[in-house]
Amino acid sequence: MTTRPTPAAHEREAGRVGRIGPPRRAQRARRLRPLRRIAAVVAGLGMAGSILLTGCSADGTDRTAGARASCAPTPGVTPDEVRFGALYPDTGSGSPLSRAFRAGIDARLGVVNGTGGIQGRQVRYDWRDDESTSDGALRGARLLVDRDQVFAIVGTSGIATEAVSYLAERGVPTIGQDLTASGDNAFGYSNVLGGQLGNSVFGVFARAHGATRAVLLRTEQIPASGQIDERIAHSLRAGSVEVVDTVDWTPTGFDLNAVAARVRAANADMITGVVPPQALADVATAARQAGATIKVVMVPIGYDPGLLDRRPQGLAGSFFLVDFVPFEAGTPAHERYLDGMSRYAPQIERREQTTGLVGWMTADLFLRGLVEAGPCPTRAGYIAALRKVADYDADGLLPRPVDLAVKSAPTACVSVVRVSPAADAFQVQMPMALCGEALS
């Protein structure tokens with residue numbers, strides 16, 4: 001029998017929101033139930049409107065509860081609970097980001113469960129480690145679906161192709177950040193990096209900022225770096241920006257001066273690629289010192305407010321493309337996220353983390369599907385209902401609403417932020433949303 005992975009002690013209760021409470025708490029709850037019933041009766045007098053909202057009739061019958069009890073058997077669904085599977089890298093190269101991702105899920109579930117859940121059901125999850133590998137993702141997906149009998153899978157954007165195909169064959173709803181699977185079962189709120197050929201948004205941005213010749217950096221240290229760079233290259237070419245060189249970056253033994261000479265020799269005026277942001281900054285700085293005229297340093301992934309804590313001067317003036325409304329906008333949606341993190345994920349010292357917000361939005365997209373699926377959700381019904389949503393905006397956290405009915409890389413929009421001259425802040429560029437189309 002396979003042993004379930006054990007989370008750290010300080011995360012155990014938060015990770016399985018409300019699944020098992022301490023014995024003393026349960027005993028105390030049983031003692032308080034009669035008092036709570038009395039209080040509920042008193043509060044209910046004169047509040048007929050709330051009766052309509054909760055689905056209770058005048059004779060005290062909970063019609064919603066009755067409907068839930070009569071639902072057809074569905075994996076992961078009981079009259080009082082819906083349980084999904086969280087699949088993310090708890091070990092391996094992607095593990096440094098997993099803690100905040102899971103905390104974002106915990107916070108979003110904490111908020112919804114604290115207000116009664118969805119259709120009267122509490123929403124909880126089991127989790128598996130995808131080990132930052134394709135084999136690990138497939139193994140974790142199978143355990144969650146076949147052994148744990150979860151209703152759906154919620155995961156990071158790095159779910160491997162094999163796992164996505166398996167989930168599609170089983171008809172399991174699969175929710176991620178930018179999933180590009182062809183099956184009807186997969187949903188994501190971002191398609192900036194999705195699709196086989198990518199999106200025009202990178203080329204639109206580069207050309208608008210005067211770039212004409214670009215050098216791309218890639219690295220084996222980041223999974224799918226080369227694959228994403230290919231999509232960026234296609235986007236740049238579609239925007240009439242020539243890709244003049246591709247450089248393999250490594251954390252050790254990287255000859256910065258030699259690369260700077262290559263950038264200058266290629267007469268490049270733009271540097272981009274899926275590598276650590278500091279790597280782009282270092283190459284751009286060295287290239288300028290070597291005499292190259294660099295107009296644009298574009299960072300396609302890596303935005304995070306904590307990145308500027310040490311004021312890395314080399315990043316000053318760099319542009320970051322973000323597939324959500326950045327924290328600096330300070331919208332009411334951000335306030336709800338930050339409040340949720342404070343209440344339900346206190347183990348995270350810094351709430352303003354991109355990965356935490358990704359976990360929050362991914363869970364939110366799953367919850368939206370439950371709302372649309374009605375009081376008796378089935379996997380097929382959930383998929384059909386969520387596919388009809390044409391205006392999903394993650395409660396205001398996306399630059400533009402997403403049409404979930406479009407499966408093959410719909411219009412993708414990003415927010416653009418620029419690092420201040422002092423490298424101590426991200427500055428939101430206007431207009432807020434920059435959009436592009438799927439390339440073919």
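**Briefing: helix H9, valine 419 and a small set of cavities**

Helix H9 has these buried residues: Ser225, Ile228, Asp229, Arg231, Ile232, Ala233, Ser235 and Leu236. The model is predicted. The protein contains 14 helices and 14 strands, and 49% of its 440 residues count as buried. The points below cover H9, valine 419, the cavities and the chain as a whole.

**Helix H9**

- H9 runs over residues 225–238, a stretch of 14 residues.
- The expected span of H9 at 1.5 Å a residue is 20 Å, and its end C-alpha atoms lie 20 Å apart, so the two values agree.
- One helix packs against the buried residues of H9, namely H8 (201–208).
- Strands E7 (213–218), E8 (242–248), E9 (270–273) and E10 (296–299) also pack against the buried residues of H9.
- Serine 240, just after H9, has a positive phi of about 65°.

**Valine 419**

- Valine 419 belongs to strand E12, which covers residues 412–419.
- Is valine 419 buried or exposed? Valine 419 has a relative accessible area of 2%, and because buried means under 20%, this residue is buried.
- Leaving aside residues up to four places away in sequence, valine 419 touches Leu308, Leu315, Ala316, Gly317, Ser318, Phe320, Ala425 and Phe426.
- Phenylalanine 319 is 100 residues from valine 419 in sequence, yet their C-alpha atoms are 6.6 Å apart in space.

**Cavities**

- Searching the whole structure gives 2 cavities of 30 Å³ or more.
- The second largest cavity holds about 40 Å³ of space.
- Its lining is made up of Val82, Ile118, Gln119, Arg121, Val123, Leu370, Gly374 and Pro377.
- Sorted by class, the residues lining the second largest cavity are 5 nonpolar, 2 polar and 1 charged.

**The protein as a whole**

- Among contacts in the protein with a separation of 6 or more, 70% join residues 24 or more positions apart.
- The exposed area of the protein is about 20100 Å², of which carbon and sulfur atoms supply 52%.

Definitions and conventions. Residues are numbered from 1 along each chain as its sequence is written. This is a predicted model: local features need pLDDT of at least 70, side-chain atom pairs count only at pLDDT 80 or more; totals for chains, interfaces and linings use all residues. Side-chain values use heavy atoms; hydrogens and water are left out. Helices (H or I, at least four residues) and strands (E, at least two) are DSSP runs, numbered from the N terminus. Buried means under 20% relative accessible area, exposed over 50%, partly exposed in between (1.4 Å probe, protein chains only). Contact means heavy atoms within 4.5 Å. Accessible areas come from the Shrake-Rupley method with a 1.4 Å probe; for residues, only the protein chains shown count as cover. On a 1 Å grid over the protein atoms alone, a cavity is a set of points where a 1.4 Å probe fits but cannot get out, and a pocket is an open set with protein on both sides within 12 Å along at least five of seven lines; lining residues have an atom within 4 Å of a point. Grid points are joined across faces, edges and corners, and a volume is the space filled by probe spheres set on the points. Ala, Val, Leu, Ile, Met, Phe, Trp, Tyr, Cys and Pro count as nonpolar, Asp, Glu, Lys and Arg as charged, and the others, Gly among them, as polar. The expected span of a helix is 1.5 Å times one less than its number of residues.
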